[in-house]
Structure formats: structure tokens, C-alpha cells
Amino acid sequence: MVTAEEDAHARAVLAKAARENFPVAPRFLPREWRDDLMAVYGYARLVDDIGDGDLAPGGADAVSLGLSAEQTSDRPAMLDAFEADLRRVFARTGPPPGHPLLRSLVPTVRRRSLTPEPFLGLIEANRQDQKVRRYATYGDLLAYCELSANPVGRLVLAITDSATPERERRSDAVCTGLQIVEHLQDVAEDLARDRVYLPAEDMDRFRVAEADLAAPSANASLRALVAFEAERAEELLAEGTPLARSVHGRLRILLAGFTGGGRAAVKAIRAARYDVLTGTPRAGALSVLREARASLRREG
């Protein structure tokens, strides 16, 4: 039985979907798809909130995971307890999950025959965030995105019964591109958490120091670096663009929305002249729609 407090908390987590660069579960999709996509989004959002220390005050999440309210700030313990609760989602016997968002995930896992691996990947990404604060090379960052971003796209394909090896490859490119764009938007926010997702080798190349990331606005060197990384993200999004055209109907529109959301976010960064410190460049809904339509017309 979900209490009123648990229900309100779950709704607060799911409400964060509106802040994403892409449409999470738009209303034009079938109701079952929307329910399943939101269940997966709730899981992904919650594990990120645990890893980032962004949980609601009061300790309700910790208590629902079998910990004390005081352990909310112990991120490794929370991630361990969260993984144990996730395994209850996939167990055929024993007690149900304790967290309401994980209980909501059970019907989706059963209905879509989902496997634990993508969900575990997202937990590992957040464990890595507790230990790895800087990335030496672009290759290191891509390996992180394999855990932090790519599982989400693979879950979308599984939920919509459209997974093939080629589509998974294209999906990985889109998800990694979206993750890099988000890192560019959140440079200042990430630095406040003592995290830098700009590869050190690229910072050296463009002569950007960490002190530059803490400035009120981006200097010329940082703008050049952001432009370079934004172009990389666009190349990944372009690699994934054929994914939407490989499917039909409403799913085609949804997947084009993912790519279009990433492209629109890059345009917002470009419109800000690559200054991601003065404010967070974000695309409006109309820009996302235009880019989604353009994605369906692009070749490649």
C-alpha cells in the first residue's frame, strides 16, 4: 500500500521529466507505453538523485530502502540498498520492493520481460560518480556514458519491442550525445558537486583551467572548448538519426524527439555563444519540435 506521502514524493520525482532535453513519455503514445516509460524514467531519475545527493529532505527514501533516515546522505549505502531493492523487482519469490518507484516498476518489468542489466548499469554509473570526479580522455567519458546514458535508450527499445543490434548501436550514439549535451549545460552545477565531465586532455588542448569553470561567465578558451564538445555531440546525434527512420508510427515520432531534443539543446548552447556559465542554455518546445521534424528528413 502506497501512503499519501510516498505517492507525493514519487510524483515529485516524476515531475522532473519536464526538465529533460527530450520528451520522456508524450501523450501521443499508447497509454501502456507511457506508463512503462514513466516507470523507467522514475527509476533512472531516482538513482541519479541518490548519486547526486538530491533526495527530498526527511529521509523517506532511505527508510523505504530499509535504512535509517539519517543514512540518506550516505550515498554508497543508499546505492547498495537501492540495488538490493531493485533485485526484489526481478525476484519471483520473497518480499516486494520497499521503494514506491520500484514497486511501480514491477508491472513494467513483467509485461516487457526486461532484464536487470540496464538498471544495474545506471546504479554503477552513480557509484562511479562517487569515486571518479574527473575524466582524463574522451574515451573515458564515452565509457562512463555506456553506463550512465545508453541503458535508457536500450530500455526504450525493449519497452516498444523494437530492439535490434543495429538499432541499439544507433540508440547508444543518441544517448551518449544527449549525455554530453547535458554535461555542457551543467558545467557550473557539476563543478559545484566537485565533478568535471570535460575531458582533461581537451581542457589542456584549449588551455582551460578548472578555475575558468568557476567564473561568472565563460572566457574565449572555454567557449572554444564547449563548441568543440558540442560538435562532437552533434556528430553522435547524426550517427543516431537513422534510428527514428527505421521504425514506424508513433515510435518514429518519439525517437525523432530524442534526437531533435539533443539538436535543439546544441542550438541553444550555440545561441548563447557557448557561454554555459552565465545561465543554462535550454531549448523551448517549439525548437525541439522543429528539430525532430528535421531529423526525420535528414539523410544518413
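Mentor: In the loop that runs between α8 (150–159) and α9 we find Asp161, and we should keep in mind from the start that this model is predicted.

Trainee: Why does Asp161 count as exposed?

Mentor: The relative accessibility of Asp161 is 73%, and the term exposed is kept for values over 50%, so Asp161 falls in that class. Its backbone also deserves a look, since Asp161 has a positive phi of about 55° although it is not a glycine.

Trainee: What makes Asp194 partly exposed?

Mentor: Asp194, which sits in the loop between α10 (187–192) and α11 (200–205), has a relative accessible area of 39%. Buried would require a value under 20% and exposed a value over 50%, so Asp194 is described as partly exposed. Asp194 too has a positive phi while being a residue other than glycine, with a value near 60°.

Trainee: How do you know that helix α9 is roughly antiparallel to helix α13?

Mentor: The axes of α9 (residues 165–185) and α13 cross at roughly 155° and come within 7 Å. Angles over 145 degrees count as roughly antiparallel, and therefore that word applies to α9 and α13. Their crossing is left-handed, and the residues that meet include Ala173, Gly177 and Val181 in α9 and Val226, Ala230 and Leu237 in α13. By class, the contact of α9 with α13 has 11 nonpolar, three polar and four charged residues.

Trainee: What makes α13 roughly antiparallel to α15?

Mentor: Here α13 (residues 220–240) and α15 (residues 249–271) pack at an angle of about 160°, with axes 10 Å apart. The cut-off is again over 145 degrees, so α13 is roughly antiparallel to α15. The crossing of α13 past α15 is left-handed, and the contact is made by residues including Val226, Ala230 and Glu234 of α13 together with Gly262, Arg263 and Val266 of α15. Six nonpolar, two polar and three charged residues make up this contact of α13 with α15.

Trainee: Why is the whole chain, with its 16 helices and zero strands, called as compact as a globular protein of that length?

Mentor: The chain has a radius of gyration of 19 Å, which is close to the 19 Å that the globule rule gives for 300 residues, and therefore the description holds. Taken along the principal axes, the C-alpha atoms fill a box of roughly 55 × 45 × 30 Å.

Trainee: What percentage of the residues in the chain is buried?

Mentor: Of the 300 residues, 53% are buried, a class that requires under 20% relative accessible area.

Key. Residues numbered from 1 in each chain as written. Predicted model: local features only at pLDDT ≥ 70, side-chain atom pairs only at ≥ 80, totals over all residues. Heavy atoms only, no water. Axes fitted to C-alpha atoms, helices over the stretch in contact; angles between N-to-C directions. Helix = DSSP H or I, 4+ residues; strand = E, 2+ residues; numbered from the N terminus. Parallel < 35°, antiparallel > 145°, perpendicular 65-115°, else oblique. Left-handed = near helix turned anticlockwise from the far one by under 90°. Contact = heavy atoms within 4.5 Å. Nonpolar A, V, L, I, M, F, W, Y, C, P; charged D, E, K, R; others polar. Rg over C-alpha atoms; globule rule 2.2 N^0.38 Å. Buried < 20%, exposed > 50% of the residue type's maximum accessible area, 1.4 Å probe, protein only.
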